[in-house]
2 protein chains.
Amino acid sequence: MARSALTRDGVLDTAAALVKEHGPDALTMRRLAAELGTAVTSIYWHVGNRESLLDALVERTVADLGTLRPRGGDPAERIVSVAALLRRALRDRPHLVAMVHERGLTERMFLPAQRALIHEAHAAGLRGARAAALVRAVQFQVVGHVLVERNRERSPTQSPAEPDLWGADTAPDTAAGTDADPELAAALAAPIDTEAVFTAGVRALVAGLLA
Amino acid sequence: MARSALTRDGVLDTAAALVKEHGPDALTMRRLAAELGTAVTSIYWHVGNRESLLDALVERTVADLGTLRPRGGDPAERIVSVAALLRRALRDRPHLVAMVHERGLTERMFLPAQRALIHEAHAAGLRGARAAALVRAVQFQVVGHVLVERNRERSPTQSPAEPDLWGADTAPDTAAGTDADPELAAALAAPIDTEAVFTAGVRALVAGLLA
DNA sequence: ACCTGAACACCGTTCAAGT
DNA sequence: ACCTGAACACCGTTCAAGT
């Protein structure tokens, strides 16, 4: 990759790819150099050191979240589309997003999405504190959902498995929680179509907030 | 610390303290050995290696979240108290919680809180899907809030500062978002008493879900 | 202006050896 | 059963030296 002249951008590209695929720990200066086909020390000339390299990747990620184009016929649809685009963006680069968060730039990363949401809230006739509440609610919903979703994907077999946890045939103290409520047990134990849950949740939330 | 005979528990105590205060990266085997006053290699006899040491710390954290005693006169109050206790527990050990999350044990960590919430939902007469919705909603609210809160504390001076972002005197494209809505701008720009926001939010959420 | 290898101070881990 | 130091293969970083 990037066989020709070594560039700062080239270094960042390869570094970003490495982090996206294997996480920040996999980004060692020696491995990056090997990937780029240069000496380890050449990298330092272009990006300073490892820390500022990571900072640059974080800056890039924040910028990437700035390109957000809502779609849909009415404000409610467009708000849902913002949420969906945000979810997609966060899911695509979990490690980089985590790095943004570690550096305290989460709020700045969410700014473009916030602006889009404000715009749609106004278009829907919502103003002031109610518009602010909508912005925060959607943002929290998306972030929370992505966190839960990532977690589920990384450990498909929960320990202990959820059916065992919520089933009616388990220990007495479990019974106190769910035994008398099989519908609840089913709701919490069933395999989840997370994308469906996501859109349904956001749609309901938005409907409620615009009502 | 732990001057006498080296114990597995003693190693874990010191390691946990190190992680709580300085994060997992600060937990090097050599530093831990220095803190314990032993040879680096002695630690290996007690805990295997660094990875299983971290695993043990994660197990401890999951167990710590298991001691959750709701307080309050009615279900709504007790649900709010569960949320508050959960928030406190997550805030007290952010690094350890992050490690739990990385290992895909987040759901197991939240199980005791979920059981408590289910119990209170039932006590309030909520059953089935509505009870499940309450459990998830409260959990998301707490996690989302703690994430935002942590982020704010770690970077008290946001870049760019929020007043500049939401004020009426900034660039045209900002105006498109907020200029016509000073109350919204104020709501999003004002310094936040996060604890007040938290309890107010949870109270409103619970009231809405129990109504 | 850009790239290099040698060298430094770290790191986790293994292992043979002690008691 | 428990602890130790030496040694290994890593790591980020500095620096003097090359072109």
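These are my notebook entries on a predicted model, covering a DNA surface, some salt bridges and one alanine.

**Setting up**

I am working with a predicted model, in which local features need pLDDT of at least 70 and side-chain atom pairs count only at pLDDT 80 or more, while totals for chains, interfaces and linings use all residues. Residues are numbered from 1 along each chain as its sequence is written, chains are lettered from A and ligands numbered from 1 in the order in which they are written, and side-chain values use heavy atoms, with hydrogens and water left out.

**Entry 1: DNA strand C**

I began with the residues near DNA strand C, where near means that a heavy atom of the residue lies within 4 Å of the strand. There are 16 residues around the strand, and Thr41(A), Ser42(A), Trp45(A), His46(A) and Arg30(B) come nearest. On the DNA side, sugar and phosphate make up 52% of the strand's atoms that come within 4 Å of the protein.

Which helices supply this surface? I found that helix 3 (40–47) of chain A, helix 2 (29–36) of chain B and helix 3 (40–47) of chain B each give at least two residues. Helices here are DSSP runs (H or I, at least four residues), numbered from the N terminus. Helix 3 of chain A has the largest share, with four residues.

I sorted the surface by class and got seven nonpolar, seven polar and two charged residues. In that scheme Ala, Val, Leu, Ile, Met, Phe, Trp, Tyr, Cys and Pro are nonpolar, Asp, Glu, Lys and Arg are charged, and the others, Gly among them, are polar.

Next I looked up some atom pairs from chain B. The side chain of Arg30(B) has an N or O atom 2.5 Å from a base nitrogen of DNA strand C. Met29(B) uses a backbone N or O atom, 2.9 Å from a phosphate oxygen of the strand. For Tyr44(B), a polar side-chain atom lies 3.2 Å from a phosphate oxygen.

**Entry 2: Salt bridges**

I counted 20 salt bridges over all chains, each being a side-chain nitrogen of Lys or Arg within 4 Å of a carboxyl oxygen of Asp or Glu.

In chain A, Arg103(A) pairs with Asp55(A), with the closest N and O atoms 2.7 Å apart. This pair links distant parts of the chain, 48 residues apart: Arg103(A) is in the loop between helix 6 (94–102) and helix 7 (106–123), and Asp55(A) is in helix 4 (residues 50–64).

Glu59(A) bridges to Arg108(A), at 2.9 Å between the closest N and O atoms. Here helix 4 of chain A holds Glu59(A) and helix 7 of chain A holds Arg108(A), 49 residues apart.

In chain B, I noted Glu195(B) with Arg87(B), the closest N and O atoms being 3.8 Å apart. Glu195(B) lies in helix 12 (residues 194–210) and Arg87(B) in helix 5 (residues 75–92), so the pair ties together parts 108 residues apart in sequence.

Is Arg87(B) buried or exposed? Arg87(B) counts as buried because its relative accessibility is 7%, the scale being buried under 20%, exposed over 50% and partly exposed in between (1.4 Å probe, protein chains only). Its partner Glu195(B) is partly exposed at 46%.

I also saw Arg87(A), Arg91(A), Glu149(A) and Glu195(A) linked in a network of salt bridges.

**Entry 3: Ala121(B)**

Last, I checked Ala121(B), which lies in helix 7 (residues 106–123) of chain B. Ala121(B) is buried, because its relative accessibility is 0%. Leaving aside neighbours within four places in sequence, Ala121(B) is in contact (heavy atoms within 4.5 Å) with Leu126(B), Ala131(B) and Leu134(B). I also noted that Ala121(B) and Leu209(B) are 88 residues apart in sequence and 9.5 Å apart in space, C-alpha to C-alpha.

Technical notes: Polar contact = N/O pair within 3.5 Å; in protein donor to acceptor, adjacent residues only side chain to side chain.
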